[in-house]
Structure formats: structure tokens, C-alpha cells
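Q: I am new to this structure and would like a close look at one part of it, starting from a single residue on a loop. Please tell me how much of that residue is open to the outside, and then lead me inward from there.

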Amino acid sequence: MKNMKNISLVLIVFFACVSCKEYLDVKPKGEVIPKTAEEFGALLNSHLNEIDEGNDEAILGNPMEKFELECFGDNVENSLTRNVTGMGAIPKYVGDRLNSFRTEYRGLYSLIRNCNLVIHEMKESDTDLAKSCYATAYAMRGVAYYNLMRLFCEPYNKEKAEEQLGLSIVTRFDMEARPKRSSLKEVATLIEEDFKKAISYHSKSEIYRYTEDVVKAYLARLYFWTQNWEQAIPVAKEILDAYPLVEGAVYTDMLSARYAQQGNVLLRSYLLTSSSGDVNYNSAKGYLPVKPVSKRFIDLFEEKERDVRYAFSFNAKREALKIPMACVRSAEMCLILAESHAYLNQTKEALDYLNLLRSKRITGYTPYTMGNLPAVDEYALVRINAEGNAFTPLLWAIHCERRKELFMEGDRWFELKRNGCPEFWCAKDGLKYETQQFMYTAPIPSQDIDLIPGMIQNEGYVKL
């Protein structure tokens, strides 16, 4: 591992010198070109180190990145943000951040380039190390395209996906190629193929983080995002069965741990101490009191102190206490199961998984039945579900449970996007700033618009 880190430093220096215009498909030349599986692994290791050190912004994220995502949604009261020194760096709404999403775009396509290099240029194939490299390359390429899809493409519409704009698909090196945007359906298909290819290697290597189970969790996420409810169910169930839900102090310790992956967390960032990771963690923690928690969010906790998440998430001053965390954990799989069954009108199974999660969070909980589900809040920000219809009480209960469970984990913004892209506003510097529907989809960097003939910008944006 130490040798791989040394190799990765050489490669990082090389890639840092590469023109930004070539991040999509540049192939390293000269004496730094990888030859062995160990050297190819170092390309991936440079990205994995960023995750472990809590410095990654685009792949899994870090505490500060998750806090910023929380600032875009409705779990906090952005209009009531307290003014403190340095607050210029904290967004009050997504419009403060749209231009800088180009950093994630470049970073994820750079990761795709390195994964392509491993997949197509590595000659070694039969050793355990080579197999781990192939598995990780396919997994991380799939994750990169999945993250790009959620950020830079419209919400997935299963009925119109072949017409929706996707991404520039780059799977091989071609210095002359300037691919236009494929359809969203084609992008989702590529991601699925990459995840299935990664899974086929059955990687158990903790060093490479993206093990078989982690990739299966991402596959469940993909099916969920693309409304393939039937396919999401067996994959999510397999992971939930392998990583059962925890409760009580085990649950809060798991989410409070620093430098440790505990409980049913399959993958998390910030496992190692580093100066940049410590800054991200401490900044996110320090800024929590600045953003009052939304009263509508607090009111979701009908059981109040009997719900372990109530006192863990915020205090009586409406200050957030749960430190933002970038991770993949099995509670999300439980929620995917509940919602997927609900969309398939399999109410018993949906209720079973919804009650399973609640039983692990609420002392003396009352199981939900179709007769005692809470009414849909007609004044809520979110009015339509992922399929474009009005919420049923069952889907609404699952939606609210997800909001409580994944608070400060970077989920809410994408839930708003997945469920209708509702428009809302906040006060900033004495003015009204509105999150409009088109803002849920980040702009393609102007660099690509200029570089690729016929490249189409997302709706709502001029050249940036």
C-alpha cells in the first residue's frame, strides 16, 4: 500500500500538469505510464486516498460537502442564517453554488479517465491484485457516471428517458473524439453494466473500498433513481439482510464515529486523519449552529424524545447536532425497499419495511397500518411523488421517514429533485432568492460547450 501511494504521487503530479481541456481523454505518456497492476492500482488509489482522508468532494463526498447540500434544501432555515465571520463560503441556496459544480464535473471525468486506463490498458489480468483493480475501476466509473447523472441531468423519467439528455459517454481513449451527450437511458444502461461487471469479480478487498457489497448498494441506488422498482427490491434486500439495522446507542455511536466505519455502514469517508479532512469535518461541525433547523422538519418527529433521532439531530435551540457524514449504509436500503414496494402497490411489504426502520428508532413505537398512516401534508414543499402523481399516505410516510433518517447525509436535495423539483425562496442580503425548477440540474461547464461541436447546454442556462 505504501508503494502504491508513492506511485500515485508521481501520477498525480503528472495529471496536475495536464490542460483542463483534456481531462476527458488524456492518456499519460513517457516514463510515468503505468505498466504493472500495482501501478495501475495507484491511479485508483489516489482517488481512494481522498475519500479516506475526507478530502473528496465528488465521489463519496465529505462532511463539508454534505453540509452544503443540506443548505440547498428545506431541512434548514436559510433565511435565518446567522452572520458569522467567513460565512461567505456557506451557500444560502443552490444558486450560490451552481457555477462551482464544474469542479465536480472535472473531478468525476478525471476519475473516469483513470478507470478507462485501467480497464483497457492494463495487460495483467489473472492475479488477485489485477482482478481487484478491474473490479474497482468498473465500480468507480459507474459511481462517477451515477453522480454526474444526478447532478447534471434532469430527474429520470422512465417513460421519456430515451429522449432526455444524458452525458458525454467516454469509455475508451480517443484523442480526436468529442462525444456529444447521449440519452439519459444510455447513461443509466452504462452505469448498470459497469456495476454488474464490478460485481462479477466478487471483490472483498477492503483496501479498494468498493467491494462487491458496496457496489450492490450502488446498484440498488441506481435502480431506485431510475424508477426500476422491481429490480431495486432484490438487490436492496440482499444488502439489508447482510447488514441488519442497528438501534439505540449502537446507532448513534455509528453515526458519531470519527475515523471509524462501524455498524451497518458499508462505506464512509474520513477514515484517516489529514489536515484537509480535519478542516472539512471541523468546519461542518462549527457551522451547524449557524443554520437553524426547519420547524417543519422538527414537526415530523411526532414521537419526539422517544425517537432516538430527535435529540441526536438537533437541540431545543433548533441547532443541528448531527455532524454531516458521507457514507453508504443499510438504512437507505430499507427505505428503498419500502418505497419500491409501495410504488408496486405491495402495501404489506412496504409497511413491513417502514415499520422495521421505525422499530429500530422509536421506543414503544406504534406500527403503521393502512388505517393509521398520517395524512399527507397539503402545505408541504413537496407536492408530487417521483412518478409525477399526488402522494398517497403510505408514500408520504416513507418520504418523511427518509427525510428524518438521512438528515445531514446529503440526501434531501436529491429527494427534492426526484420528487417534482419544487420551487421555493429564501431571503438573502435583503433580497428574495428563488430556487427555480431548472436549478436542480447543474449547468454543463462552458468549457465543454465550447470544445464539443453540437454540445447542448441544460435548459435555463446561458454560457457560463
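A: N345 counts as exposed, at 66% relative accessibility. The three words for this are set by relative accessible area: buried is under 20%, exposed is over 50%, and partly exposed is in between, using a 1.4 Å probe and protein chains only. Before we go on, please keep in mind that this is a predicted model: local features need pLDDT of at least 70, side-chain atom pairs count only at pLDDT 80 or more, and totals for chains, interfaces and linings use all residues. Residues are numbered from 1 along each chain as its sequence is written, and side-chain values use heavy atoms, with hydrogens and water left out.

You will find N345 in the loop between α13 (330–343) and α14 (347–361). These labels come from DSSP runs, numbered from the N terminus: helices are H or I runs of at least four residues, and strands are E runs of at least two. The backbone of N345 has a phi near 60°, a positive value in a residue other than glycine. Y259 also has a positive phi, near 65°, and is likewise a residue other than glycine. Y259 belongs to the loop between α9 (248–256) and β3 (265–268) and is partly exposed, with a relative accessible area of 33%.

From N345, step back to helix α13 and look at Y343. Y343 counts as buried because its relative accessibility is 10%. Contact here means heavy atoms within 4.5 Å, and if we set aside residues up to four places away in sequence, Y343 touches W229, N385, A386, E387, L395 and N419. With A386 there is a polar link as well: a polar atom of the Y343 side chain is 3.0 Å from the backbone nitrogen of A386. A polar contact is a pair of N or O atoms within 3.5 Å; within protein, one must be able to donate a hydrogen and the other to accept it, and residues adjacent in sequence count only if both atoms are side-chain atoms. For a sense of scale, the C-alpha atoms of Y343 and E68 are separated by 31 Å, with the two residues 275 apart along the chain.

Now for another buried residue, R412, in helix α16. Its relative accessible area is 7%, and it is therefore classed as buried. Its side chain makes a polar contact with the side chain of H399, at 3.1 Å. H399 is also among its contacts beyond four places in sequence, along with E70, D74, N75, V382 and R403.

Helix α16 leads us to the empty space inside. Rolling a probe the size of a water molecule over the atoms shows where empty space is left. On a 1 Å grid over the protein atoms alone, a cavity is a set of points where a 1.4 Å probe fits but cannot get out, and lining residues have an atom within 4 Å of a point. Grid points are joined across faces, edges and corners, and a volume is the space filled by probe spheres set on the points. There are three cavities of 30 Å³ or more, and the largest has a volume of about 490 Å³. It is lined by 35 residues, with K66, R150, R221, G410 and F414 the closest to its centre. Two or more lining residues come from each of α3 (63–72), α5 (128–152), α7 (212–225), β4 (327–329) and α16 (412–418). Helix α3 gives the largest share, five residues.

Helix α3 also holds E65, which is buried at a relative accessible area of 15%. The side chain of E65 makes a polar contact with the side chain of K66, at 3.3 Å.

Finally, let us visit the nonpolar core, a set of buried Ala, Val, Leu, Ile, Met, Phe, Trp, Tyr and Cys residues joined through side-chain atoms within 4.5 Å. The largest such core has 140 residues, and M149, Y210 and Y218 touch the most other members. Its largest share, 15 residues, comes from α5. Beyond four places in sequence, M149 touches L167, L184, V187, I191, L222, W225 and K417. Apart from this core lies another, of eight residues, including Y251, M254, V265 and F312.

Technical notes
1 Å grid on protein atoms, 1.4 Å probe; cavity = no way out; pocket = protein on both sides within 12 Å on 5 of 7 lines; lining within 4 Å.
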